[in-house]
Each structure stands twice: as structure tokens, then as C-alpha cells.
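Subject: Structure handover and findings

Hello,

Here is the structure we discussed, handed over for your own work. My notes on it follow below.

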Amino acid sequence: MRRYGKHTDEDDIRSRPNRKGNRPRTNIRPKHEDAAEGMVLTVDRGRLTCLVDGRPVLAMKARELGRKAAVVGDRVALVGDLSGAKDTLARIVRIEERTSVLRRTADDDDPYERVVVANADQLAVVTALADPEPRPRLIDRCLVAAFDGGLEPLLVLTKSDLAPPDKMLELYGDLDIPYVVTSREELEDGTAADRVREQLAGRVTAFVGHSGVGKTTLVNALVPEERRRLTGHVNAVTGRGRHTTTSALALPLDGAEGWVIDTPGVRSFGLAHVDPSRVIHAFPDLEPGTEGCPRACSHDEPDCALDAWVTEGHADPARLYSLRRLLSTRERKEGD
């Protein structure tokens, strides 16, 4: 065994060669100040289609981002080949700070939250009045996710020719949620899309709804084929129609500035990630009353200060009931 004296020379010590031939790792990350700005349109098996200067660019996430994932709606910075030409691939080197997030968990016992959409202004909850029957618990859960993530909700009620909307409107009336009621005939002749479009102009709106409610039919009416061409090879990446079941897809709104994000049909909407203290922000008439609540108050317990707040006339009792109904969806199954 070789032994070294106390006057060893560095040149006398053999260094192990780097067999990979790459540079040694460093904690210093490039700033990429010259990176181009883009918006994520869809994600498919590690490949992200982004809109850069009006053209679609296929990209992958840079290794330096670690486990941080980009989702549809994210504003990102890209480097590399930004031409959008066939067989080219850019690199996402930065994900900008998000203004809102729509999140869900697989169920209420799953601690792993999934970000479905980023930077949306609005969440359109699409539900049929009949065929299939409305699922109020699922609607409530979507509303909670919207309030929690900083999105304004919009209720879209379809198939009014099969059942009147009165019961559903009464159920959600105290929440002051804007709504649009449509029929199957209106979906076919385009008048439904026109009325919904008025609520979407100038905004980024994510659409959610379970199978059979007419969500995809409505999205197709809002974004006809000629507007879809702006997203270029999105369909070539995801497969025609596949986004309706497997991944979200951002599309430019027809006839107005704005974006429509079609999300996969939902069977469940877990709320394990939801903090009641964030949902209360959507109730500005009730929020001041929480100052006297005990720490970590669920807002549905004997010591909750909201009861006194309502009794003193600061808010409508129906609003407190609506808040507690929404928060209780975490403890109830969606089919209850």
C-alpha cells in the first residue's frame, strides 16, 4: 500500500477520471436571463406543449428544476430551439410564481395533492340538471377547491329542457355565484356558447364536470376548429380527443380574449389539502367574525365566533349555513 509523507505534492496524487465525461456537479444554477416566456398548453408523458410568441413549442423540464412540475396554465421560461419546428425540443428552465392553483387529491385520505391547473381566474363547474342527475356534493367540493385555490366559481347548468333549474339555483343562491342555464337545443344552435362566452371574456377559465354533463360539447362550441389550430401540434402530442379523459388542455377562446382549459372528467374530488382558514376568504361578510374564533377553528363547533357574529346581525344566517355545508364536504362522501 502506498504511503504519503507529510510533504506530499498534489501532482503526486492520482485522481479518478470522470468516466461520464461531463462537468462536475455544482450548486450554482444559470439564471437564463435571456429565456423566452411561454404558457403551458398541455402536458403529456413528460413533454409539455407551450405557447411562445403565438406558436406552439414542444419542451421538456430542465433537470435543474428538480421535482418541481409544470402544469397547464403555468407561465414558464424556455431556452433552446423555440422555432416550434417538427422534431425540435426546447427546455423549461423556470416556472414563474403562480397566481392561483386548482388542486385536488385522489380522496380525502390521500395526503398527496395534485395541481390540476395553474393561474386560472375562474372555475366553471358544469353540471346537468338531469341525465345524469346532479351531484351537489361533487359541486360543493369543486367550489371549495375554487375558493381554496383563489379562483372565482361559475356554475353552468346544462339540459334545462329535461329538468327545471329552480332547485339547484336555490341551493347555491346564497353563495352569490354567477350562473348560466343552457338547454341541449341551445348547445346545438350555439346560443348557449354565446351566453357562456360573456362570462369568460378576458379571463382564463378551467372547466370541470363529470362524464355526460356536456362539458366537452360546450368547450368544443367555445373553441371551434380554426381556433384550435393556434395550438398547432397539441392534438398530435395528446392524440385527438385524448385530452378529454387524460390531461388538461388550454385553448384560446373564440370571439374574445381569454382561455378555456378543458380538464379530464372527474369521478371524485378529494379535499385532504384544504385548510378551512383559506375557504373563509371567499366569504368577506363572515371573515371579520372569525377574529374571536379559537385557534384552528373548523367554523362548525360550539366555540365558533361566527354564530355570535350572525346573531348580532353582521351577516345573513344562510351564508353561514352555506359556508358550513361546503366545509363539511370533507367529512362526507360525494354520493351522500
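At the N-terminal end of helix 10, D316 acts as a cap: one of its side-chain oxygens is 2.9 Å from the backbone nitrogen of A318. Please keep in mind throughout that this is a predicted model.

Helix 10

The helix that D316 caps covers residues 317–327, and eight of its eleven residues are buried, so that it is mostly covered. Those buried are R319, L320, S322, L323, R324, R325, L326 and L327. Two runs stand out in that list, R319 with L320, and S322 through to L327. As background, residues three or four places apart in an α-helix point the same way, because there are 3.6 residues a turn. Which elements cover the buried residues of helix 10? Among them are helix 1 (136–149), helix 2 (166–172), helix 8 (276–279) and helix 9 (306–311).

Helix 1 and its contacts

One residue of helix 1 is D140. Is D140 buried or exposed? Its relative accessible area is 0%, so D140 is buried. Apart from neighbours within four places in sequence, D140 touches Y172, R325, L326 and T329. Of these, R325 and L326 are also among the buried residues of helix 10, and helix 1 is among the elements that cover that helix.

G149 is also in helix 1. With a relative accessibility of 9%, G149 counts as buried. Setting aside neighbours within four places in sequence, G149 is in contact with S100 and V101. T99 is 50 residues from G149 along the chain, and the two C-alpha atoms are separated by 9.0 Å.

A further pair links helix 1 territory to a loop. F269 sits in the loop between strand 13 (259–262) and helix 8. The relative accessible area of F269 is 1%, so F269 is buried. F269 and I139 are 130 residues apart in sequence, yet their C-alpha atoms are 9.3 Å apart in space.

Cavity and pocket

Rolling a probe the size of a water molecule over the atoms shows where empty space is left. The structure has one cavity of 30 Å³ or more, and the volume of the largest cavity is about 50 Å³. What lines the largest cavity? The lining consists of V125, V126, T127, R135, L138, I139, C142, G209 and H210. Strand 8 (122–128) and helix 1 each contribute at least two residues to this lining. I139, named above for its separation from F269, is one of the lining residues.

The second largest pocket holds about 500 Å³ of space. It is lined by 24 residues, of which V43, V71, V115, V116 and A248 are the closest to its centre. Strand 1 (36–44), strand 6 (101–104) and strand 7 (114–118) each supply at least two residues of the pocket lining. Strand 7 gives the most, with three residues.

Cysteines

How many disulfides does the structure hold? The count is zero. C293 and C304 show why in their case: the sulfur of C293 has its closest cysteine sulfur in C304, at 3.9 Å, which is too far for a bond. The cut-off for a disulfide is 2.5 Å between the sulfur atoms. The relation holds from the other side as well, since the cysteine sulfur closest to that of C304 is the one in C293. Both residues are buried: C293 has a relative accessibility of 14%, and C304 has a relative accessible area of 5%.

The chain as a whole

The chain contains ten helices and 13 strands. It has 336 residues, and 47% of them count as buried. Among contacts between residues at least 6 apart in sequence, 66% join residues at least 24 apart.

Confidence

The average pLDDT of the chain is 83, and 80% of the residues score at least 70. Residues 8–13 have a pLDDT below 50, and beyond near neighbours in sequence this stretch makes three contacts in the model. Residues 232–245 also have a pLDDT below 50, and that stretch has 32 contacts in the model beyond near neighbours in sequence.

Regards

Key: Residues numbered from 1 in each chain as written. Heavy atoms only, no water. Buried < 20%, exposed > 50% of the residue type's maximum accessible area, 1.4 Å probe, protein only. Helix = DSSP H or I, 4+ residues; strand = E, 2+ residues; numbered from the N terminus. Contact = heavy atoms within 4.5 Å. Polar contact = N/O pair within 3.5 Å; in protein donor to acceptor, adjacent residues only side chain to side chain. pLDDT = per-residue confidence, 0-100. 1 Å grid on protein atoms, 1.4 Å probe; cavity = no way out; pocket = protein on both sides within 12 Å on 5 of 7 lines; lining within 4 Å. Points joined across faces, edges and corners; volume = space filled by probe spheres on them.
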